[in-house]
Amino acid sequence: MASSDNFSTVPALQSNIGILSPDQIELAKILLENGQTHLFQHWSEPGVCDKEKLAFFDQIARLNSSYPGGLAAYIKTAKELLADSKLGKNPYDGFSPSVPSGENLTFGDESFIEMEKRGVVEARKAAFVLVAGGLGERLGYNGIKVALPRETTTGTCFLQHYIESILALQEASHKVASDGSQTDIPFIIMTSDDTHSRTQDLLELNSYFGMKPTQVHLLKQEKVACLDDNDARLALDSNNKYKIQTKPHGHGDVHSLLYTSGLLDKWLDAGLKWVLFFQDTNGLLFNAIPASLGVSATKQYHVNSLAVPRKAKEAIGGITKLTHADGRSMVINVEYNQLDPLLRASGFPDGDVNCETGYSPFPGNINQLILELGPYKEELQKTGGAIKEFVNPKYKDSTKTSFKSSTRLECMMQDYPKTLPPTARVGFTVMDIWLAYAPVKNNPEDAAKVPKGNPYHSATSGEMAIYRANSRILQKAGVKVEEPVKQILNGQEVEVWSRITWKPKWGMIFSDIKTKVSGNCEISQRSTMAITGSNVFIENLSLDGALIVDSIDDAEVKLGGSIKNNGWTMETVDYKDTSVPEEIRIRGFRFNKVEQLEKKFTQPGKFSLED
């Protein structure tokens, strides 16, 4: 047992040693050895607040066990990063940027279709990981973000859409499997204290949206200690002197959580090959997954970052190859405000400029990664799952000696490649923005202030992007979908296309969708069409109004003929109108279901919906 001699310099702690267990005394020693004596200065004599003192050590034990290397490693790293920050050190000193290698795909062309087919084959060897530790406060929504409707034609929430997409991929992958065996694709959700129980409830109340509960694992990330000053002294809670202030560490935690969960070994034993990471509110993401997975398999990428074309200087990180004077190199996301100065300092006098394609040669990072499982696990064995961190203190003044408020270390999921050896195959896959990227992260007020021509990234633009993507996919498949009209909703000018939605199982890849559409089909701009069955075929359909088709998998339904009704109208809603539910008013519109043709097919057989 540790002697109390260590504590002679901290009398308040020494007098309390009798109430501490041997483990707690060891934790106290770690704190003292790492410059944290201030945590005990105000401790009262034994017998006063003893319960609070023991709760303090419970919290310290949690902070120590949930961080790779424990609190000693956290404080040591913090001191180094805070010193660098004070000196204004550039993390990219000595590195010169160049354009990494990657694959640019164009929706619907031969290469895209091939990659999609390959991706479907690979899907049964994949695990999907959703990072969902955040609440929707920045959106003006008080729930968890994954519970938000992805679109309000059907009201399907993000989490339901993700699960149904994974199940559709699973089903499609079984169909093309050479041995015909059934495998369940694992789905992992990283939660936080803020989202864990609400995510659990959402799944349980909805029977896991059709997934087997055994397929789904929730991994909860812990928060990290806040730092008060450049000496990395841990910050005490202003309302409780026996409690450390904590804040989220960032979505980079997903790597250490997977490493310690034991899941990676289990997946390797089951013959899995890929791990796909994605974020919580990009409703178009699964349009890009099959082809990107095909690219990973074809190019044998250890790391494949999904990307979109970005305009030079656009406020989105660029995927960049960095090569150091000492020979080290890495392919990572460089934030847009660092990329331009980095290029200027490396012999590109104009910095980040558009090339002949009209876009920057450094594609835009959208924080979706595909990692090859074997090399990923090997790398995590070396690092323990730790990701290169950064610190972003808000200083009181230019002396940089004190902070406006406490700070903490942070890490990002997409910084995983920073520790990889130069032999690692790191690439990217670029897809059209309209197809793959429409995150929902800004509230209406902030979105309305976005400079003209820049993306709003709001609930309004996110929903409109889904209708645009679905309309353009059908156009590409030969349907005459009328062009959109422009409308201002919640202060944002958006294109309003026909409100077309389908379940992932109706068309997971473009070649499937093409087989479901034939003849002369047309859909007017004011129309709404929602397909919730899998065997629904559109043949010589003329739609001007609203059509809702719900069918079981064993019902084959042909949609044809001329359907005209008063349809659904869009009514504007003011986001300040509190009589309207949050998830509707943050969009700026709601549907008035005036008239529709609704058909349900609950029996097996062949059916036709013609005049």
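Aspartate 84 is partly exposed, with 28% of relative accessible area, in a model that is predicted. Let's start from that residue and work through some exercises together.

**Exercise 1. Place aspartate 84 in the fold, and find what its helix lines.**

Step 1. Look up the element: aspartate 84 is found in helix 4, which spans residues 70-87.

Step 2. Classify the residue. Its relative accessible area of 28% makes aspartate 84 partly exposed, because that class runs between the limits of 20% and 50%.

Step 3. Compare sequence with space. Aspartate 84 and serine 527 are 443 residues apart along the sequence, and their C-alpha atoms are 57 Å apart.

Step 4. Turn to the pocket. Helix 4 gives six residues to the lining of the second largest pocket, the most of any element.

**Exercise 2. Describe the second largest pocket, then one residue by its centre.**

Step 1. Begin with the volume, which is about 1,300 Å³ for the second largest pocket.

Step 2. List the lining. There are 37 lining residues, and those nearest the centre are Leu81, Pro91, Glu389, Phe390 and Lys418.

Step 3. Assign the lining to elements. Two or more residues come from each of helix 4, strand 13, helix 11 (336-344) and strand 15 (390-391).

Step 4. Pick out phenylalanine 390, which sits in strand 15. With a relative accessible area of 28%, phenylalanine 390 is partly exposed.

Step 5. Find its neighbours. Leaving out residues up to four places away in sequence, phenylalanine 390 touches Leu81, Arg408, Leu409, Glu410, Cys411 and Met412.

Step 6. Add a distant residue for scale. Phenylalanine 390 and lysine 606 are 216 residues apart in sequence, with 59 Å between their C-alpha atoms.

**Exercise 3. Which residue does the side chain of histidine 249 make a polar contact with?**

Step 1. Locate histidine 249: it belongs to the loop between strand 9 (246-247) and helix 8 (253-261).

Step 2. Check the accessibility. Histidine 249 has a relative accessible area of 4%, so it is buried.

Step 3. Gather its contacts. Beyond four places in sequence, histidine 249 touches Tyr67, Val224, Glu389, Leu409, Glu410 and Cys411.

Step 4. Find the polar partner. The side chain of histidine 249 meets that of glutamate 389 in a polar contact of 2.7 Å. Glutamate 389 is also one of the residues nearest the centre of the second largest pocket.

**Exercise 4. Find the largest cavity and follow one of its lining residues.**

Step 1. Count first: a search of the whole structure finds one cavity of 30 Å³ or more. The volume of the largest cavity is about 40 Å³.

Step 2. Name the lining. The residues are Ser305, Ile319, Val331, Ile332, Asn333, Asn365, Gln414 and Pro417. Strand 13 (residues 329-334) gives the most, with three residues.

Step 3. Follow isoleucine 332, which lies in strand 13. At 2% relative accessibility, isoleucine 332 counts as buried.

Step 4. Look around it. Isoleucine 332 touches Tyr92, Gly318, Ile319, Thr320, Leu322, Pro417 and Lys418, with residues up to four places away in sequence left out. The C-alpha atoms of isoleucine 332 and serine 305 are 8.9 Å apart, with their positions 27 residues apart along the chain.

**Exercise 5. Are the rings of phenylalanine 278 and phenylalanine 286 stacked or edge-to-face?**

Step 1. Set the scene: the structure holds 25 aromatic pairs.

Step 2. Use the geometry. The ring centres of phenylalanine 278 and phenylalanine 286 are 5.5 Å apart and the planes stand at 85°, so this pair is edge-to-face. The cut-off for that class is over 60 degrees.

Step 3. Widen the view. Both phenylalanines, 278 and 286, are buried. Ring pairs link them into a cluster with Phe128, Phe158, Tyr162 and Phe187.

Step 4. Consider a charge beside a ring. Lysine 311 lies over the face of tyrosine 359, at 4.7 Å from the ring centre.

**Exercise 6. Examine two residues with positive phi.**

Step 1. Take alanine 232, whose phi is about 60° although it is not a glycine. Alanine 232 lies in the loop between strand 6 (224-225) and strand 7 (236-237), and is buried at a relative accessible area of 0%.

Step 2. Take asparagine 490, with phi near 50°. Its loop runs between strand 19 (485-489) and strand 20 (492-496). Asparagine 490 counts as buried at 10% relative accessibility.

Notes: Residues numbered from 1 in each chain as written. Predicted model: local features only at pLDDT ≥ 70, side-chain atom pairs only at ≥ 80, totals over all residues. Heavy atoms only, no water. Helix = DSSP H or I, 4+ residues; strand = E, 2+ residues; numbered from the N terminus. Buried < 20%, exposed > 50% of the residue type's maximum accessible area, 1.4 Å probe, protein only. Polar contact = N/O pair within 3.5 Å; in protein donor to acceptor, adjacent residues only side chain to side chain. Contact = heavy atoms within 4.5 Å. Phe/Tyr/Trp six-rings, centres within 6.5 Å; stacked < 30°, edge-to-face > 60°. Lys NZ or Arg CZ within 6 Å of the ring centre and 35° of its normal. 1 Å grid on protein atoms, 1.4 Å probe; cavity = no way out; pocket = protein on both sides within 12 Å on 5 of 7 lines; lining within 4 Å. Points joined across faces, edges and corners; volume = space filled by probe spheres on them.
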